[in-house]
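Let's walk through this model together, one piece at a time. Keep the viewer open and follow along.

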Amino acid sequence: MVEFFQQVVGGIETGSMYALAAMGLVLIYQTAKIINFSQGTLGMFMAYVCTGLILDLGLPMWVAVPVAMIVAMVLGGLIDRFLMNGKRNITNLSREMITLAIIMIFQGLAPMLFGANETPFSKFISASALDLGGVKVLPNSLLIIGITCLIMAVLFFVLEKTTLGVAVRATASNPQVARLQGIPVKLVTIGAWAVATALGCLAAVMVAPLKNVTVSMMDSIHLNSFIASVLGGFSTFYGPVVASFIIGIANNLLGYYVSTKWSLPLLYALILLFIVLRPNGLFGKKIVKKV
Amino acid sequence: MAQVLSVDHLSISFGGLRAVDDLSFHIDRHEIYGLIGPNGAGKTTVFNCITQFYKPDAGEIRFTDQKGKEHLLNGMPAHKIIGLGLVRTFQNTEIIRELPIIDNVLLGAHTEFRAGTLANMFAMPWARKQERELRKKAMDVLTYVGLDKIANEYAGAQPYGVLKLIELGRTLMCDPSLIILDEPAGGLNDSETERLTELIRGIARDRHCAILLVEHDMKLVMALCDRICAISFGKKLAEGTAAEIQQNPLVQDAYLGKEDDA
Amino acid sequence: MRLIRNKYLQYLLVGVAFLLPVIIRGVPTATVTLAASMVYTAIAALGINVLLGYSGQISLGHAAFMGLSAYLSAYLTKQMELPFLLSVLIAVLVPMLIGLILGAIAVRLEGFYLAIATLGFGEILRQLFIEMDWFTGGFSGASATYPKMFGHQFTKVEMYIFMVCLLVALMMLVYNLVRSSTGRAMIAMKSSKTAAMAMGVNVFQYKLISFAISSVFAGLAGVCYVHFFRHVDPTVWTAALSLNLIAIVVIGGAATVGGAVVGAVVMHGLPELMKGMPIVGEIPGVPLLIVGILMVIMLIFYPRGLIHIPRDIANFFQKRASHAKKGEV
């Protein structure tokens, strides 16, 4: 039983990272109606930037991470303004392909600017594990889970209770109508990109101590945040977040009780089966397309 | 006279809003039937229900094909509708901008093509022959609507009036027995509208098909339609000839607002 | 002039151009190897063009399909000692069937589900390539031989010629397809799903057809790869290769038959050119960066791709000429 909880806690920790990335994906999907394939790569690049801030400029981590997140927001905003909406009449398919091109650009830039070597990245808190009734929990894991919960709480509060949130949700449900009602739709999508890129950056910084900073560090996080968004349903904000934790925990449990090698394929197969039965995800609603 | 389409007690709602509410009407063969109503009355929604782009909550939609066989349209996949001889246009025109005008029209004959993917890949002679024949038919249609001179130009570069004509031409390729036109004159100027009126009348006459249309241009509706149905908030207000509709007090209220309310 | 406009002849000329390295004496083998890379990538990209350029669907897992075919063909010819053509048939049909099942689930939903499903599936396949070492040889990979057909043992050069012939044949098939009712339905579905449905196009069916075609082409590319390089290991079949295939289509020219070939030549030629240069050749990541930037430029400013440059230049001069004439009058 102790092992079970050990796995669950580990799952919640990785689930947190998926949740941050998934939240970014859904924010952009809901407001701009495109899938941002570059979410993971941008996070990876920002982890390099953060490493640079710490190692080359000697900033302490608690300064470097927020600075990196602000840089990420600017980067995200610029991408939306100049690449996604640089020209009128650009189709959503083209926009999605541009996000694919962004992957190539930043995967090329990262080794060029920061060198091709793996860089270690220290944890936020390096204190040794706490013993909670036999379950070993690192304070760093608690911090990761805590930060994620805090950010989610703030985002959901903003989305549900503020005028800003109303603007975002109105844009998500119908951009044309939102524009007619005086909502600055362009600013909303820029903001979505900015927040999403910052969330990706945070997820990458959390992964960095576990995997070192490499070009491929975000690949599995990115993929799992996609799968979480599919499982949770792209039409809600909370669905993908809940699904992220489910995937994190399920992957750990399958790995422990069934097989480490086959846990992920097994999990994907289960999710695929689930999608056959519930195409709109756990919480998604069926969307009637306007004709 | 035989009916071509009958709509019985059609209802659909979106998130609690009743877009169409217990609407019934029928269209006879060779008839030009108009659906009018203020903005947001649910006219386009009715079209989307008939062509199965939306699945109605209640009501039955029946269509009688050329051979006199009756089909229940409810639940049919949207792409199967055209095969029965029921074809539509769209309010904001749905044109394939990447294709030449003639290929846009040829798309209307999609269900006629016998060749499968492999036959097309290996350019089987019989498949090419059918393509040539239908291309000739498309050319005839383009001549009919007056676009034959620009048949091979790309659709994306054309003005709005031409797009409307391409869409109209596209509906003729399947030898329809009912054409549904969603605001055919929307965005056209007066002389274009006049030409269109003649064209629609000609289509109904020469091709022996019924036409169901939604239009805001009352002059066109009154000039063309044998019968008109006025709806408001998804409900039927009145049905009758152009003269009857013009005189109907309910219709006048819906359009001008009730004066006794003030 | 009319002869040059004949598409079949154009494709044959492309084939002849690709054969130059083996026709001209004294060309180093490295050049043939580079050209072979272009050819097998072009074959896969031709399929991606049907899927992406014509039907408007994104797949991020076609590299894995290529890998699966490569491993299958290596295994079937070497371990099971099946005849080459039979093993090619199996090696191509298996990924197609898997693709159809995956597609049947993902294609019903919004467009992006296919991209995610193929990304996930590709990742799983790549893991399997590493884990199932009885079949794939694990990290060290599996080996294969030059094919033997109708009692004749191919040499390296002959295998290359075979690949070029295959490419030319496939270009002709794709050309036939896209100017037929099937191609028209695909383009319609990409441009306006609503119009396509109203005109009787079964969108689900055509999405699946284009996915199946692209899987078959990816499979053929994988087979070409394994029987030319005679070795296959799991490092090749990553999501990055799938991404490259998309970049090839976009840069070369989406929804054109020749675009895939132009793109493949650029994609493989560029890093070679870079290597030769001083300074630039030393920096890691430059080719990737350039391809990425090129792709963005194409998508935003020149969506028709590099293949349209000659025609646009010709049009430009024609316009200039006609303007000049008007000026004289």
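Let's start in chain C, at a single glycine. C:Gly263 touches C:Ala45, C:Ile248, C:Val249, C:Ile251 and C:Gly252, leaving aside residues up to four places away in sequence. Keep in mind that this is a predicted model. C:Gly263 sits in helix H13 of chain C. Is C:Gly263 buried or exposed? It has 36 C-beta neighbours inside 10 Å, and 20 or more is what it takes, so C:Gly263 counts as buried. If you want a distance to check on screen, the C-alpha atoms of C:Gly263 and C:Gly253 are 7.5 Å apart, with their positions ten residues apart along the chain.

**Helix against helix**

Staying with H13(C), which covers residues 259-276, look for helix H14 of chain C, residues 286-301: the two axes come within 10 Å and cross at roughly 135 degrees. That makes H13(C) and H14(C) oblique to each other, because an angle has to be over 145 degrees to count as roughly antiparallel. The crossing of this pair is right-handed. On the H13(C) side, the contact is made by C:Met267, C:Leu270, C:Pro271 and C:Met274, and H14(C) answers with C:Val286, C:Pro287, C:Ile290 and C:Val291. Sorted by class, that contact has eight nonpolar residues, with no polar and no charged ones. As background, an α-helix has 3.6 residues a turn, so residues three or four places apart point the same way.

A second pair reaches across two chains. Helix H11 of chain A (residues 263-277) packs against helix H6 of chain C (residues 112-131) at an angle of about 150 degrees, and their axes are 10 Å apart. H11(A) and H6(C) are therefore roughly antiparallel to each other. H11(A) passes H6(C) in a left-handed crossing. From H11(A), the residues making the contact are A:Leu264, A:Pro265 and A:Tyr268; from H6(C), they are C:Gly120, C:Ile124 and C:Gln127. Here the split is four nonpolar, two polar and no charged residues.

**Where chain A meets chain C**

Zoom out from that helix pair to everything between the two chains. How many residues of chain A are in contact with chain C? There are 34 of them, and they meet 34 residues of chain C. On the chain A side, helix H4 (92-114), helix H9 (219-232) and H11 each supply at least two residues. H4(A) gives the largest share, with 15 residues. By class, the side of chain A that touches chain C has 27 nonpolar, four polar and three charged residues.

**Chains A and B as wholes**

Chain A has eleven helices and two strands. Along the sequence these run α-α-α-α-β-β-α-α-α-α-α-α-α. The radius of gyration of chain A is 19 Å, and the globule rule gives 19 Å for 291 residues, so chain A is as compact as a globular protein of that length. Chain B goes another way on secondary structure, with nine helices and ten strands. For its 262 residues a compact globule would have a radius of gyration near 18 Å, and chain B's 19 Å agrees with that.

Here are some overall values for these two chains.

| Chain | Extent along principal axes | Buried residues | Contacts joining residues at least 24 apart (among those at least 6 apart) |
|---|---|---|---|
| Chain A | roughly 60 × 50 × 35 Å | 48% of 291 residues | 72% |
| Chain B | about 70 × 40 × 40 Å | 45% of 262 residues | 67% |

**Two more spots to click on**

In chain B, find helix H1, residues 43-50. H1(B) is mostly covered, with eight of its eight residues buried. Those buried residues are B:Lys43, B:Thr44, B:Thr45, B:Val46, B:Phe47, B:Asn48, B:Cys49 and B:Ile50. After H1(B) comes B:Gln52, whose phi is positive, near 65 degrees.

Back in chain A, A:Phe157 lies in helix H5, residues 139-161. Is A:Phe157 buried or exposed? It has 11 C-beta neighbours inside 10 Å, and 12 or fewer is the limit, so A:Phe157 counts as exposed. For a long-range check, A:Phe157 and A:Leu282 are 125 residues apart along the chain, and their C-alpha atoms are separated by 22 Å.

Key
Residues numbered from 1 in each chain as written. Chains lettered and ligands numbered in written order. Predicted model: local features only at pLDDT ≥ 70, side-chain atom pairs only at ≥ 80, totals over all residues. Helix = DSSP H or I, 4+ residues; strand = E, 2+ residues; numbered from the N terminus. Rg over C-alpha atoms; globule rule 2.2 N^0.38 Å. Contact = placed C-beta atoms within 7 Å. Axes fitted to C-alpha atoms, helices over the stretch in contact; angles between N-to-C directions. Parallel < 35°, antiparallel > 145°, perpendicular 65-115°, else oblique. Left-handed = near helix turned anticlockwise from the far one by under 90°. Nonpolar A, V, L, I, M, F, W, Y, C, P; charged D, E, K, R; others polar.
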